[in-house]
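I opened this notebook to record what I looked up, beginning with confidence and ending with the core.

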Amino acid sequence: MLQKLMAPLGKLTGGNPMVPGIVAFVALAVIVPPLLAGYWIFLVTAGLLTTITAFGLAIIVGWVGEVNLAGAGLLGASVYVTGYFYRVGESRLNGWPFIPAALTGIIVAAFLSGLVAIPTARFSGIYVMVLTLGLQITLERTLFSFPWIIGGFGRNVIVNRPRFLGVSFDSDLRFFYLCLAAAVAAGLFVNALRNSRHGRAMNLIRTDKRAAAAVGISPWRYKILAFAIGGGLIGVAGAFTAPLYRSPPAIVQFIAFQSLFLLAIPVVAGTRTLLGISSVALSFALIPQALESHHLSPFLLGGIGLIAGTIVGPGGLGGNLLEILQKKKEVAILSALGLDGETEAEVDLTVAPAPAPAPATDVVSVEGDGDEIVLRNRPPRLKA
Amino acid sequence: MAANGQTAVLTTADWTEGELAALETVEDFLPDQVREGTVLRATDVHKRFGGVQALRGASIEVPAHSFVGLIGPNGSGKSTLFDVLNGFTTPDQGTVEAFGQDVTRKQAWDRAKLGMSRTFQANHIDLDLTVLDNLLAGAYLNVRGGVVASVLGFPAVRADQKRANEVARAVARLLDLEPLLEVRAGSLNFGAQRRIEIGRSLMSRPRLLLLDEPSAGMDATEASHLLMLVKRLQTDLGLAVLLIEHFVRMVLDNCGSVTAIAAGQIIASGPPDVVAASAAVQTAYLGVSADA
């Protein structure tokens, strides 16, 4: 029944097995929240913003294979910069409209993330981890320690929910839909980027930097680009987080431990499916609250997540699920070809092919080489 | 392999009609091939790694539209020379010219823009991606558009992507991968994975292919068939190919010219029969004394 309902959609999307799941996910996200209590709407909204953050980290961790330990710092930078410019005026620099303020926060996060990627021309792996950790600590000790930016330490700072084109997003439900739209837009962006030459280039860099360079891709350029785009997406999450609480959130939400918690999301989910990342991000946002009565720390969840992600392997939960779906498709293809589709399959080149029918083209040249004569159907068209 | 132990001399007259159509698609996609002269020249290349002198004045030339073999025992400097030619390693001394330009200090990705592509000894493909996605990764230089244009799907980007898709299918057809386009590379065996890597190189619109032991890990029969495929493509697409191959007999039987290297020095270069007859090659590489 469900398959029949989804069939037209499958045709539209080229039979992508994940599409029904994505549609169901978005449908649930639209339909369910009005039925929830305000507190849970607020939590799901926070979960959507965590999802956008995880999309950004997935580009850095999953696509170019570098570990970013500054996720929370970049998120906080965007939250505080956006909040500073957008909040109700304390100084002449406050009181900007939401969009310019949010863009400033996004640009700051993208710039800082891209900046820390510059040394990746020479370094990789653990050195990049240390660099990003350095960025995180630096942000904590500089930007996050200026009360006039973060608006904390006893100040009564108000960051209102935004208003566009006469529509107010002040209520939790409306703000939820705004964040849902941002999350869907971020997902579409990441999906389109992944299928573009830039996404393929980033993937090839993760697979092998030398192979990427051999086909014209500069690994350094794309690592910086991946960090900048990833940082920009984290910045988007930060920009929407700024008005989420109506007042600047405490810096404890953006410390190094929180970076580990955020990093655990793409590690557990894998980075091959956006649906997987979304599901894990929402779970990470909701489960600690749901289990609050058991006094479970969100960091414990992050720690368990990192361990689980390591055990599950580089594909993560989403990757493993996708592999099961892909395997079914492959078995069908390989069976149709009469090949063993379990683990080994190849068009066997060691077997002499059946004699091919003589091409209709004339023999246009004969090349001699010692005793052997090679007949050519057509010479290569050596364009001048 | 022929029954007499000689490797088969390869012919190019056995494309099917479908393959010929694919060949034309790929040929149209490729840039103008160099008609004559030298496409790659390395002169007096020296390279030292710590206490090891990997290359000692090595020089090599690849003429246009030629199939050149590079042979040498393990540790002779073949792969280091390839790295220097390709731009992964900067020589301590000497020059590299590609397509008439001095590229000695150019990065590998800049050399790729000139039409130089390369495969590697071990597999360097993404085993989690499908064959098609692996091939399309090679088309990076041939799809226009920045990040914004790509994400928004501007018409020029869409047209290039469509074209790359068509060419990837044609390449797959020529490499006997067409039915497997939607299968992940990791589900295929080593031979198919090597063909994917060659296909990805073709997708980068090369004028010169550097193939570093494409048949490494294969038996002689598989290697012979892969080499046959490469030679068919080289001949019919008008490419220049520089091949490192450990099946020496196959190289001598099928390459137009051969360069032999030992201990970082070129010890012979020229037509295969001349190289095979060289006392230095027989002594240093084939394990046969010149006096035997």
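Entry 1, confidence. I began with residues 1–12 of chain B, over which pLDDT stays under 50. For this stretch the model has 29 contacts beyond four places in sequence. I note that the model is a predicted one. For chain B I read a mean pLDDT of 88, with 92% of the residues at 70 or more. The scores I noted for the model are ipTM 0.89 and pTM 0.84.

Entry 2, overall form of chain B. I counted eleven helices and ten strands in chain B. I then asked what radius of gyration chain B has, set against that of a compact globule with 292 residues. The value for chain B is 19 Å, which agrees with the figure near 19 Å for such a globule. The C-alpha trace spans about 65 × 45 × 35 Å along its principal axes. Buried residues account for 54% of the 292 in chain B. Among contacts in chain B with a separation of 6 or more, I found that 68% join residues 24 or more positions apart.

Entry 3, the sheet. I traced an open sheet of six strands in chain B, with mixed pairing and the order E6-E7-E8-E3-E9-E10. Strand E6 (116–119) and strand E10 (265–270) of chain B are its edges, each pairing on one side only. On average, neighbouring strands of this sheet are turned by 15° against each other, direction ignored. Looking inside the sheet, I found strands E7 (residues 208–212) and E8 (residues 240–244) of chain B running parallel and joined by five bridges. Leu210(B) has Leu242(B), in E8(B), as its bridge partner.

Entry 4, helices on the sheet. Helix H2 (residues 78–86) of chain B packs on this sheet and touches strand E3 (67–71), E6, E7, E8 and strand E9 (257–262) of chain B. The direction of H2 makes about 150° with that of E7(B). I also examined helix H7 (residues 190–202) of chain B, which lies across E6 and E7 of chain B and runs at about 170° to E6(B).

Entry 5, the core. Which residues have the most contacts inside the largest nonpolar core? I listed Ile217(A), Ile265(A), Val26(B), Ala168(B), Val171(B) and Val241(B), in a core of 191 residues. Helix H3 (residues 38–63) of chain A gives the most to this core, with 15 residues. I followed up Ala168(B): leaving aside neighbours within four places in sequence, Ala168(B) is in contact with Leu132(B), Leu135(B), Leu136(B), Ala139(B) and Met203(B).

Definitions and conventions: Residues are numbered from 1 along each chain as its sequence is written. Chains are lettered from A and ligands numbered from 1 in the order in which they are written. This is a predicted model: local features need pLDDT of at least 70, side-chain atom pairs count only at pLDDT 80 or more; totals for chains, interfaces and linings use all residues. pLDDT is the predictor's confidence in each residue, from 0 to 100. Two residues are in contact if their C-beta atoms, placed from the backbone, lie within 7 Å. A nonpolar core is a set of buried Ala, Val, Leu, Ile, Met, Phe, Trp, Tyr and Cys residues joined through C-beta atoms within 7 Å. A residue is buried if 20 or more other C-beta atoms lie within 10 Å of its own, exposed if 12 or fewer, and partly exposed in between; C-beta atoms are placed from the backbone. Two strands pair if DSSP finds at least two bridges between them. Axes are lines fitted to C-alpha atoms, for helices over the stretch in contact, and angles run from 0 to 180 degrees between N-to-C directions. The radius of gyration is taken over C-alpha atoms; the globule rule is 2.2 Å times the number of residues to the power 0.38.
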